[in-house]
Amino acid sequence: ANWTYTNGALTFTADHQYQLTVKAIDNAGNFNTASVQFVYDVAKPTSTVTSPTNGSYVTSWSNLAGTASDQAGTNPSHIAAGNLAVAIKRLTDNQWWNTAAFSGANPTYVQVALSGADPYTWTANPTSLSANLTSGTSYYVVTRASDTAGNFEFGSLTANIPAGAGIIFTYDTVAPTATITVPYYLGLPAAKAINTFSTISG
């Protein structure tokens, strides 16, 4: 037979381990017990983007990198493989990268692999992203983690992203230019030499 137990007065304290024991007794007095242990975990994991750095200019694309952690308290559930994802938004029109183009009002989170133990590191280079970056344009990068207990860092929509999360970088691959207008090279004598001038400008 199945059973359920509900008690509105029953409360749990976050980051504490509990043991649940049940005991069944038949009409003859025979009994058996079963126990399970669990940790009550409501703490959210955290994640960061460390490369590119916030406010930086990127002149040559390599990849994205950062950290992730679920170490709150003494009994964390940690972050399992596949539970960290990254999203990129183009700031000129606020369109999110959808793995093929910048198109979408809400993030398309792309899973990234974790390395090491908690706190983890990660690197990612989303497919086709570099070919779709435009020089002179700024981009926003944010990560979203979830732990094995099912706690998400924040919701999946743009409106759920908390202030201060993620980084902004500007992609700039066009070199600046400079010219010299005074002295005017073509206007110099044949020897291309002068013996006096008071101003250089360009």
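**Close-up 1. Strand S6 and its partner S11 in the predicted model.** S6 and S11 run antiparallel, and seven bridges hold the pair together. To find your place along the ladder, look for Leu84, which sits opposite Ala145 in S11. S6 (84-90) and S11 (137-145) also turn up among the elements that give two or more residues to the largest nonpolar core, so they come back in a later view.**Close-up 2. The other neighbours of S6.** Strand S8 (residues 110-111) pairs with S6 in the antiparallel sense, over two bridges. Val86 has Val110 of S8 as its bridge partner. Strand S7 (residues 95-96) is joined to S6 by two bridges as well, again antiparallel, and here Lys89 is partnered with Trp96. S6 and S7 make a hairpin with four residues between them. Have a look at Asn94 in that turn: its phi is positive, about 60 degrees.

**Close-up 3. The two faces of S6.** Which way do the residues of S6 point? Leu84, Val86, Ile88 and Arg90 go one way, while Ala85, Ala87 and Lys89 go the other. In a regular strand, side chains alternate between the two faces of the sheet. Buried or exposed? Seven of the seven residues in S6 are buried, and that includes the charged pair Arg90 and Lys89.

**Close-up 4. The largest nonpolar core, seen around Ile88.** This core has 23 residues, and those touching the most other members are Trp61, Ile88, Trp122, Val141 and Phe169. S5, S6, S10, S11 and strand S12 (167-171) each give two or more residues to it. A second, separate core of eight residues includes Trp96, Tyr109, Tyr140 and Ile161. Nonpolar side chains tend to be buried together in soluble globular proteins. Zoom in on Ile88 and, leaving aside neighbours within four places in sequence, you'll find it in contact with residues including Leu64, Trp97, Phe102, Pro126, Leu129, Tyr139 and Val141. Trp96 and Tyr140 are also on the contact list of Ile88, and both belong to the second core.

**Close-up 5. An open sheet of four strands.** The strand order is S3-S5-S10-S9, with antiparallel pairing. Which strands sit at the edges? Strand S3 (46-51) and strand S9 (114-115), each of which pairs on one side only. S5 (residues 64-69) and S10 (residues 120-124) pair over five bridges. Gly66 is a handy marker here, standing opposite Trp122 in S10; Trp122 is also one of the residues that touch the most other members of the largest core.

**Close-up 6. Pro45, a buried loop residue.** Pro45 is in the loop between strand S2 (31-40) and S3. Why does Pro45 count as buried? Because its relative accessibility is 2%, below the 20% cut-off. Setting aside neighbours within four places in sequence, Pro45 is in contact with Ser69, Asp70, Ile79, Ala145, Ser146, Asp147, Asn151, Phe152 and Glu153. Ala145 is the residue that stands opposite Leu84 in the S6-S11 pair. Pro45 and Gly150 are 105 residues apart in sequence, with 9.9 Å between their C-alpha atoms.

**Close-up 7. Two cis peptide bonds before proline.** The bond from Ser51 to Pro52 is cis, with omega near 0 degrees. Pro52 falls in the loop between S3 and strand S4 (56-58). Asp118 and Pro119 are joined by a cis bond too, with omega about 5 degrees. Pro119 is in the loop between S9 and S10.

**Close-up 8. Positive phi at His78 and Thr99.** Neither residue is a glycine. His78 has phi of about 70 degrees and lies in the loop between S5 and S6. With a relative accessible area of 31%, His78 is partly exposed. Thr99 has phi near 85 degrees and is found in the loop between S7 and S8. At 43% relative accessibility, Thr99 is also partly exposed.

**Close-up 9. The largest pocket.** How much space lies in the largest pocket? About 160 Å³. Its lining is made up of Trp3, Tyr5, Leu10, Phe12, Tyr18, Gln19, Leu20, Val22 and Phe38. By class, that is eight nonpolar residues, one polar and no charged ones. Strand S1 (residues 16-25) gives the most to the lining, with four residues.

Note on methods. Residues are numbered from 1 along each chain as its sequence is written. This is a predicted model: local features need pLDDT of at least 70, side-chain atom pairs count only at pLDDT 80 or more; totals for chains, interfaces and linings use all residues. Side-chain values use heavy atoms; hydrogens and water are left out. On a 1 Å grid over the protein atoms alone, a cavity is a set of points where a 1.4 Å probe fits but cannot get out, and a pocket is an open set with protein on both sides within 12 Å along at least five of seven lines; lining residues have an atom within 4 Å of a point. Grid points are joined across faces, edges and corners, and a volume is the space filled by probe spheres set on the points. Two strands pair if DSSP finds at least two bridges between them. A nonpolar core is a set of buried Ala, Val, Leu, Ile, Met, Phe, Trp, Tyr and Cys residues joined through side-chain atoms within 4.5 Å. Buried means under 20% relative accessible area, exposed over 50%, partly exposed in between (1.4 Å probe, protein chains only). Contact means heavy atoms within 4.5 Å.
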